[in-house]
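Reader: I am new to this structure. Please take me closely through one part of it, the salt bridges.

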Amino acid sequence: MIDWSSCPAVERNPQRVNGGWVFRGTRLPVAALFQNLEDGAQLSDFLEWFPGVTREQARTVFEHAAHSMEAP
């Protein structure tokens, strides 16, 4: 499981989305990005469907996930 606490593109608020990790400034769960990609969407599709998420936020989430997978 990825520790999102040090990722600047996301936030967690116990009063929103059941305290799950969301893209900063939105109510969109981070997991939605990965779920949409798994279902065959392109990043450009995702960003069009969810305009509150920026390309920079998505890039930061990808980088954070990749670095988390490298950690022992």
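Author: Here is a close look at the salt bridges and the residues that form them. This is a predicted model, where local features need pLDDT of at least 70, side-chain atom pairs count only at pLDDT 80 or more, and totals for chains, interfaces and linings use all residues. Residues are numbered from 1 along each chain as its sequence is written, and side-chain values use heavy atoms, leaving out hydrogens and water.

The structure holds four salt bridges. A salt bridge here is a side-chain nitrogen of Lys or Arg within 4 Å of a carboxyl oxygen of Asp or Glu.

Start with Glu11. Its place is strand S1, residues 10–12; strands are DSSP runs (E) of at least two residues, and helices are runs (H or I) of at least four, numbered from the N terminus. Glu11 counts as buried because its relative accessibility is 19%. Buried means under 20% relative accessible area, exposed over 50%, and partly exposed in between, with a 1.4 Å probe and protein chains only.

Glu11 pairs with Arg24, their closest N and O atoms 3.3 Å apart. That pair joins distant parts of the chain: Arg24 sits in the loop between strand S2 (21–23) and H1, 13 residues from Glu11. Arg24 is partly exposed, at 43%. Glu11, Arg16 and Arg24 form a linked network of salt bridges.

Now helix H3. Arg59 bridges to Glu56, with closest N and O atoms 2.2 Å apart. Both lie in helix H3, three residues apart, about one turn. Arg59 also bridges to Glu63, at 2.3 Å. These two are four residues apart in H3, again about one turn. Arg59 is partly exposed at 36%, and Glu56 is partly exposed at 44%.
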